[in-house]
Amino acid sequence: MEVSHTQDGFWVLSGYVDQEYDDAQATMKRAKEQFIKANPLIDSAKVVVVNGEFEHGKDD
């Protein structure tokens with residue numbers, strides 16, 4: 001997983017989940033839970049997961 005941070009305060013966890021072998025939704029949920037647990041000072045509402053590649057816009 002790759003971790004990105006946007007200027008407006010969101011943390012984006014992105015990566016590819018092979019849906020043939022893993023349940024993407026469950027995997028992304030676990031990744032978010034583990035990230036929040038490892039970073040308890042981060043607002044959990046500002047953590048987003050993306051199955052795929054996250055590309056910053058030109059203003060990020």
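**Sheet, helix and side-chain contacts in the predicted model**

The strands form an open sheet of 3 strands in the order S1-S2-S3, with mixed pairing. Strand S1 (2–5) and strand S3 (47–51) stand at the edges of this sheet, and because each has a single partner strand, one side of each is left without a neighbour in the sheet. On average, and with direction ignored, neighbouring strands are turned by 25° against each other. The model in which this arrangement appears is a predicted one.

Along the protein chain, which has 1 helix and 3 strands, the elements follow the order β-β-α-β from the N terminus on. Strands S2 and S3 run parallel and are joined by 5 bridges, and Leu 13 stands opposite Val 49 in S3. The helix H1 lies across S1, S2 and S3, and its direction makes an angle of about 150° to that of S3.

Of the contacts in the protein chain with a separation of 6 or more, 56% are accounted for by residues 24 or more positions apart. Buried residues make up 25% of the 60 residues in the chain, and the chain exposes about 4,600 Å², of which carbon and sulfur atoms supply 48%.

Ser 14 offers a view of the surroundings of one strand residue, since its place is in strand S2 (residues 11–15) and since, at 5% relative accessibility, Ser 14 counts as buried, the cut-off being under 20%. When residues up to four places away in sequence are not counted, Ser 14 touches Met 1, Glu 2, Val 50, Gly 52 and Phe 54.

Among the ring contacts, the count comes to 1 aromatic pair. Trp 11 and Phe 35 form this pair, which is tilted, with 5.9 Å centre to centre and 50° between the planes. The pair links distant parts of the chain, for Trp 11 is in strand S2 and Phe 35 is in helix H1 (residues 24–38), 24 residues apart. The two partners are assigned to separate classes of accessibility: Trp 11, with a relative accessible area of 26%, is partly exposed, whereas Phe 35, with a relative accessible area of 13%, is buried. A further ring contact involves a charged side chain, as Lys 46 lies over the face of Phe 10, at 4.4 Å from the ring centre.

Terms used: Residues are numbered from 1 along each chain as its sequence is written. This is a predicted model: local features need pLDDT of at least 70, side-chain atom pairs count only at pLDDT 80 or more; totals for chains, interfaces and linings use all residues. Side-chain values use heavy atoms; hydrogens and water are left out. Helices (H or I, at least four residues) and strands (E, at least two) are DSSP runs, numbered from the N terminus. Buried means under 20% relative accessible area, exposed over 50%, partly exposed in between (1.4 Å probe, protein chains only). Contact means heavy atoms within 4.5 Å. Accessible areas come from the Shrake-Rupley method with a 1.4 Å probe; for residues, only the protein chains shown count as cover. Rings of Phe, Tyr and Trp (its six-membered ring) pair if their centres lie within 6.5 Å; planes under 30 degrees apart count as stacked, over 60 as edge-to-face and the rest as tilted. A charge sits over a ring if NZ of Lys or CZ of Arg is within 6 Å of the ring centre and within 35 degrees of the ring normal. Two strands pair if DSSP finds at least two bridges between them. Axes are lines fitted to C-alpha atoms, for helices over the stretch in contact, and angles run from 0 to 180 degrees between N-to-C directions.
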